[in-house]
Each structure stands twice: as structure tokens, then as C-alpha cells.
Amino acid sequence: MNLRIAWLGPWSEQSAIAAFGLQVVSELESRGCAVTVYRSEVGNLLALPPLPSERPVSELTSGKSRELLTSFDHVIANIGDHFGFHGAILPILPELGATVIFHDGFIANLAA
């Protein structure tokens, strides 16, 4: 059975973390995982053009936590310090039991 993974993180061409995410997601897929990407941008940043992708990409909203818990074997949250790129993850993170990748050692701006 292939692992079904939900990847939460920014997915725009302007995000370095999204570029990292694309590499990891591509590698997971090459190993047989089925990956669905959920964009974590909020506000104006969600309107930025997404990375080119042949895989499913959806907007992450607060109503998605139940779907994430029931439809996937694992959830990976890709988080940095910029709220605009990662803000959609914060409200649902406590209930997910996700593996979290922190890209910044200082995330006070995300929290503020």
C-alpha cells in the first residue's frame, strides 16, 4: 500500500520554502507515496501564482482538519517565520499530530 501524505506549506513561486517543498514532495512521489499539497498562504499571498504542479493542490482552510485526519496516513507541515506564507497551518496544527519541519530557528514573527 502506498502512503497517502498531506503536505501543508506555501506553494507559490515566491517562496523559498515552497521550492524546498517541491523537491521533497517530488522525492516522496518517486518512492511511491501519493502526496496532496495544501497551500498554507493567507491573505494576499494566497493569490500569488502557484508552483507548477501535476499533483493535487488545494487551499488549506480551518475546515480541512477532519479531512486531513481521515484521508491521509500522515500529515507534514512545512513552517517558517512569515505568517503570510504559513498562517493557515496555525489554527489546525494542534489537532493534527503532524510531523513539522521548522525552517527558521526564530519564529516570533509567525506567532505575532
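**Notebook: Arg39, the cores and Glu95**

I began with Arg39 and found this residue in strand S2, residues 34-39 (strands are DSSP runs of E with at least two residues, helices runs of H or I with at least four, numbered from the N terminus). I was working on a predicted model, in which local features need pLDDT of at least 70 and side-chain atom pairs count only at pLDDT 80 or more, while totals for chains, interfaces and linings use all residues. Residues are numbered from 1 along each chain as its sequence is written, and side-chain values use heavy atoms, with hydrogens and water left out.

Is Arg39 buried or exposed? I noted a relative accessible area of 8%, so Arg39 is buried (under 20%; exposed is over 50%, partly exposed in between, with a 1.4 Å probe and protein chains only). Not counting residues up to four places away in sequence, I listed its contacts (heavy atoms within 4.5 Å), among them Trp11, Leu45, Val57 and Glu59.

I then looked up the largest nonpolar core (buried Ala, Val, Leu, Ile, Met, Phe, Trp, Tyr and Cys residues joined through side-chain atoms within 4.5 Å), which has 14 residues, with Ala6, Leu8, Tyr38, Leu60 and Leu68 making the most contacts inside it. Strands S1 (4-9) and S4 (74-79) are the elements that give two or more residues to this core, and S4 supplies the largest share, three residues. A second, separate core of eleven residues includes Trp7, Trp11, Ala18 and Leu28.

Last, I checked Glu95 in helix H4, residues 93-96, and recorded this residue as partly exposed at 43% relative accessible area. Beyond its neighbours within four places in sequence, Glu95 is in contact with Ser65 and Leu69.
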